[in-house]
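This report describes the charged pairs and the main pocket of one protein model. The sequence and structure are shown first.

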Amino acid sequence: MNQKAIKFLACGFGLGLAPVAPGTFGTLAGVPICLLCSSLSWFWRLLVVLALTVLSIYVSGRAEEIYQKKDDQRIVIDEIIGLQVTMLPVTVTAFHLFAGFILFRIFDILKPFPLKKIQNLPGGWGVVMDDVGAGVYAGALLFLFYWLKIV
């Protein structure tokens, strides 16, 4: 993949270039992907998320080399995949997507244990896997809220 394609994907189709809150804008890039996959069965959604995770690790690692900075704020493909992970345990509805978005952003910003440590993994692994972890936390809480009929 050439540098232009890596930057385009890593920056969430340009949303990661926002001058403020690039992670939040990057997460927004995950919304249409979530909606596109919403009609798929859970198994196929899982396969898409796994494939996107592998792509994200590769792209993030290459983007770090290009930008010559660890987890540069312009790299938001990890937020895109984090939102996809968040939404896996529930049916994709407008309300679930809104709640999942908020929960994911909270966990991504706070980085509860052990997410800060995961961030230290080398290359794209560290960039992506802490967001996958934030997605797991957010998805678990979203599922709990769904199961308790809160959302």
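## Salt bridges and the largest pocket

In this predicted model, a search of the whole structure finds six salt bridges. Three of them are set out below, each with the separation of the closest nitrogen and oxygen atoms.

| Basic residue | Acidic residue | N to O separation |
|---|---|---|
| Lys-70 | Glu-64 | 3.8 Å |
| Arg-74 | Asp-72 | 2.8 Å |
| Lys-111 | Asp-108 | 2.9 Å |

The partners in these pairs can be described by their accessibility. Lys-70 is partly exposed, its relative accessible area being 43%, whereas Glu-64 is buried at 10%. In the second pair, Arg-74 is partly exposed at 30% relative accessibility, while Asp-72 is buried at 4%. In the third pair, Lys-111 has a relative accessible area of 14% and is buried; Asp-108 is likewise buried, with a value of 4%. Asp-108 and Lys-111 also belong to a network with Arg-105 and Asp-130, joined through salt bridges that share partners.

Asp-108 appears again in the description of the largest pocket, where Asp-71, Ile-75, Asp-78, Glu-79 and Asp-108 are the lining residues that lie nearest the centre. The lining comprises 15 residues in total, and the space within the pocket is about 160 Å³. By class, nine of the lining residues are charged, three are polar and three are nonpolar. At least two lining residues come from each of helix 2 (22-37), helix 4 (77-87), helix 5 (94-110) and helix 7 (123-147).

Notes: Residues numbered from 1 in each chain as written. Predicted model: local features only at pLDDT ≥ 70, side-chain atom pairs only at ≥ 80, totals over all residues. Heavy atoms only, no water. 1 Å grid on protein atoms, 1.4 Å probe; cavity = no way out; pocket = protein on both sides within 12 Å on 5 of 7 lines; lining within 4 Å. Points joined across faces, edges and corners; volume = space filled by probe spheres on them. Helix = DSSP H or I, 4+ residues; strand = E, 2+ residues; numbered from the N terminus. Nonpolar A, V, L, I, M, F, W, Y, C, P; charged D, E, K, R; others polar. Salt bridge = Lys/Arg side-chain N within 4 Å of Asp/Glu carboxyl O. Buried < 20%, exposed > 50% of the residue type's maximum accessible area, 1.4 Å probe, protein only.
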